[in-house]
Amino acid sequence: MDLRTVCVFCGSRPGARPEFLAGAQSLGEELARRKLTLIYGGASVGLMGAIADAVLSAGGRAVGVLPLSLQQREIGHQGLHELHLVNSMHERKALMARRADAFVALPGGFGTFDELFEIITWGQLGLHSKPIGLLDVGGYFQPLIAMLRRGVEDGFIPEAHERPFAVSPSAGELLDRLQAGPTMQTTEKWLRRTEET
């Protein structure tokens, strides 16, 4: 797969453990090394700021998308090649999705999970076929993976969609897997209906 841009979802906080920051920096350096443009939330704080700084320090290209309402709270990064100020979170997510050839989630909070699950849902609905990955720093995403298994066991998630993403603690390995192509298996019919007779 010809990847040129990677959208990264991650926290606007640095997290409680130093490996979270190190994971963001490692991914940023790897993106720059591979000449992949970073598309992200546009902030200069937390893991968002760390990955952008790492990309830029390594000579890579970084593009941010920041809602005007969050400009003061998340503090827009002033060193980016492009910083797009938009009117809403919906516009932010839509623009990042359009610009991306693949998606990666780093550790983060509600906003990160919102972005990740929306892009997974769009893939399930066939609205895109772009690869998705989780950089599983410190095992952060293991409870999520267990929750998806529970969703399959209880009949809410098709078995083919239990792992709609590649997972690795290594930035290099994760990007290798994304470059191999889509991570979500396609199913002809993901929603089964019970027909009345």
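**Close-ups of a predicted model**

**View 1. Strand 2, one residue at a time.** In strand 2 (residues 37-40), T37 and I39 point one way while L38 and Y40 point the other, and all of them are buried. That's the usual habit: in a regular strand, side chains alternate between the two faces of the sheet. Keep in mind that this is a predicted model, here and in every view below.

**View 2. Strand 1 next to strand 2.** Strand 1 (residues 5-9) and strand 2 run parallel, joined by three bridges. To get your bearings, look for T5, which sits opposite T37 of strand 2. Getting from strand 1 to strand 2 takes the chain through helix 1 (residues 18-33), and this β-α-β crossover is right-handed.

**View 3. On to strand 3.** Strand 2 also pairs with strand 3 (residues 62-67), in the parallel sense and over three bridges. Here L38 is the residue to find, standing opposite A62 in strand 3. The connection goes from strand 2 through helix 2 (residues 46-57) to strand 3, again a β-α-β crossover that is right-handed.

**View 4. K35, in the loop ahead of strand 2.** K35 belongs to the loop between helix 1 and strand 2. Its phi is positive, about 60°, even though K35 is not a glycine. With a relative accessibility of 73%, K35 counts as exposed.

**View 5. Two cysteines without a bond.** There are zero disulfides in the structure. C7 is in none, and the nearest cysteine sulfur, that of C10, is 9.3 Å away; a disulfide would need the sulfurs within 2.5 Å. C7 is buried, at 0% relative accessibility. C10 is buried as well, with a relative accessible area of 6%.

**View 6. An aromatic cluster around Y140.** F20, F113, Y140 and F141 make up one aromatic cluster, and the whole structure has five aromatic pairs. Take F20 and Y140: their ring centres are 5.8 Å apart and their planes meet at 80°, so this pair is edge-to-face. Since F20 is in helix 1 and Y140 is in the loop between strand 6 (132-135) and helix 6 (142-153), the pair ties together parts 120 residues apart in sequence. F20 is buried at 7% relative accessible area, whereas Y140 is partly exposed at 29%.

**View 7. The other side of the story: F113 and Y140.** This aromatic pair is stacked, with 6.4 Å from centre to centre and 15° between the planes. F113 comes from helix 5 (residues 110-124), and 27 residues separate F113 from Y140. F113 is partly exposed, with a relative accessible area of 26%.

Terms used
Residues are numbered from 1 along each chain as its sequence is written. This is a predicted model: local features need pLDDT of at least 70, side-chain atom pairs count only at pLDDT 80 or more; totals for chains, interfaces and linings use all residues. Side-chain values use heavy atoms; hydrogens and water are left out. Buried means under 20% relative accessible area, exposed over 50%, partly exposed in between (1.4 Å probe, protein chains only). Helices (H or I, at least four residues) and strands (E, at least two) are DSSP runs, numbered from the N terminus. Two strands pair if DSSP finds at least two bridges between them. A crossover is right-handed if, with the strands pointing away from the viewer, the path from the first strand over the helix to the second runs clockwise. Rings of Phe, Tyr and Trp (its six-membered ring) pair if their centres lie within 6.5 Å; planes under 30 degrees apart count as stacked, over 60 as edge-to-face and the rest as tilted.
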